[in-house]
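Reader: I am a first-year student, and I would like a close look at a single part of this protein. Please take me through its sheets and what packs on them.

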Amino acid sequence: MATRLLPENIDFEGAFPALSRRLRIGIVGGGRIAVTQAMAARLSDRWEIVAGALSSNPEQAKSRGAQWFLQEDRCYSSYQEMAEKESQREDGIDAVMITTPNHVHFEAAEAFLNVGIDVLCDKPLTNVYSEAADLIKLTKSTGQVFGVCYAMSCFPMIRQAREMVKNGAIGKVVQIHVEFMQDWMIPDDVGEAAHVKWRLDPKKSGSTSCTGDIGTHAAQLATFVSGLDMTDLRAEMHVCGAPKPLEDTVFMMTRYEGNVPGTLMATRIASGNRGGLRLRVFGSEGGIEWDMENAEQLKYNKYGQPDSVLSRGQGHGIYPSVERFVRTGRGFPEGLIEAWANLYTEFSMAVAARKDGIPTPEGWLNYPTVEDGAKGVIFIEASVESNTSGGSWVNCQ
């Protein structure tokens, strides 16, 4: 019988419990985002990276695997081979991180789910909704854990904002505004870079570039914090920089449940903006504002009272359910890698609980799921439909 991973008596109100061993994870795709995720997985102290399909060329797969300190027999030249062989090993991987270009996500995720290996997949989940729907069905039929890498929702102060909205700190939500501004596509020759080419290739990136890549982060964050699903949108897509086959900018009017209005903007042609993800949620009694470039702080206003700024850390108005994501004391900064690590921590809890056959309380884990990934694909398809029709309102549920 397999060793239990989680302790017998779990304090679901406190910090996430330690595991009896580190979980084993493999990597499909070996680009820049894989390096980021690997750092985060290690930082969580709950995962060890033991296998990878880092190149379709066998020799490159081995040489890249050596750079990751992988055993030679666990350096695979295809995700199909990796899924098959790892599922047959007694010390096989517990889960896989899929960090490939978008067009590979569906088939890779399907291959691992079919052999009983849990999946954490980059976003967008797939390029078309029919594939996303198939992954939902497969996840439910296999009982596997499936997470999606909307890591921005794992910043502690975003979790704080979500709890505050849920607990009525700003009253009834009346407006939601979110934007993601970057400037790295300004150079005319940016499309020649290897990590950019596929993002501008419809065969790999799908029907959008900016919308599917960073626009989905903005949409997921707005829904995650407000607790309201987006119901309708009207979108205009633009190429504001050098000519490109896909958009570098998108502007939207949005509506959420209860007919709550909002806006969403995303661009890579905003000079001076690098990590310009900003969220503002206004309610009948106050509002909250968060800026990823100042991720440690959350601005909170109660109408008619002085503004306040909450800081990441222990106490000082931070909810206990948020404190479990805090690693360093107040004033000692944490950032994006730590947010990714929070995602890997929650994902590890879900994987361990499934393996141990332990049901988890509602609200204990809030990592983005395959259903959240599918909502992102619906959002992309609705955005394209609206833009194609000249900016008409389109349902995105």
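Author: Begin with a definition: contact means heavy atoms within 4.5 Å. Keep in mind that this is a predicted model.

Take the five-stranded sheet. It is open, and its order is β2-β1-β3-β4-β5. The pairing is parallel. Two strands sit at the edges: β2 (47-53) and β5 (146-148). Each of these pairs on one side only. From one strand to the next, the twist averages 25°.

Now look at one pair. β1 covers residues 23-28 and joins β2 through six bridges, in the parallel sense. Find L23. Its bridge partner in β2 is W47.

Next, see what lies across this sheet. Helix α11 (residues 336-356) lies across β1, β2, β3 (95-98), β4 (118-121) and β5. Against β4, helix α11 runs at about 160°.

Move to the other sheet. This open sheet has nine strands, and the pairing is mixed. Read the order as β13-β12-β11-β10-β6-β9-β8-β7-β14. The edge strands here are β13 (308-311) and β14 (394-395), each pairing on one side only. Strands of a sheet pair through backbone hydrogen bonds, either parallel or antiparallel. For an antiparallel case, take β8 (residues 249-256) and β9 (residues 260-267), which pair over eight bridges. M253 stands opposite T263 in β9.

Helices pack here too. α6 touches β6 (173-181), β10 (276-283), β11 (286-291), β12 (297-302) and β13. The direction of α6 makes about 20° with that of β12. α12 packs on the sheet as well, touching β7 (230-238), β8, β9 and β14. The direction of α12 makes about 55° with that of β7.

The UniProt record helps place part of this. An unreviewed entry annotates residues 158-289 as "domain: GFO/IDH/MocA-like oxidoreductase". Over that stretch the chain is 26% helix and 35% strand. The C-alpha atoms at its ends are 10 Å apart.

Some of these helices also meet at a pocket. Which helices each supply at least two residues of the lining of the second largest pocket? They are α5 (129-142), α6 (156-166), α9 (210-226), α11 and α12 (370-388). The largest share, eight residues, comes from α12. In this pocket lies about 920 Å³ of space. Its lining has 39 residues, and P368, T369, E371, D372 and K375 lie nearest the centre. By type, the lining divides into 18 nonpolar, 13 polar and eight charged residues.

Technical notes: Residues numbered from 1 in each chain as written. Predicted model: local features only at pLDDT ≥ 70, side-chain atom pairs only at ≥ 80, totals over all residues. Heavy atoms only, no water. UniProt positions renumbered as here; feature names shortened; annotations may be inferred. Helix = DSSP H or I, 4+ residues; strand = E, 2+ residues; numbered from the N terminus. Pairing = 2+ DSSP bridges. Axes fitted to C-alpha atoms, helices over the stretch in contact; angles between N-to-C directions. 1 Å grid on protein atoms, 1.4 Å probe; cavity = no way out; pocket = protein on both sides within 12 Å on 5 of 7 lines; lining within 4 Å. Points joined across faces, edges and corners; volume = space filled by probe spheres on them. Nonpolar A, V, L, I, M, F, W, Y, C, P; charged D, E, K, R; others polar.
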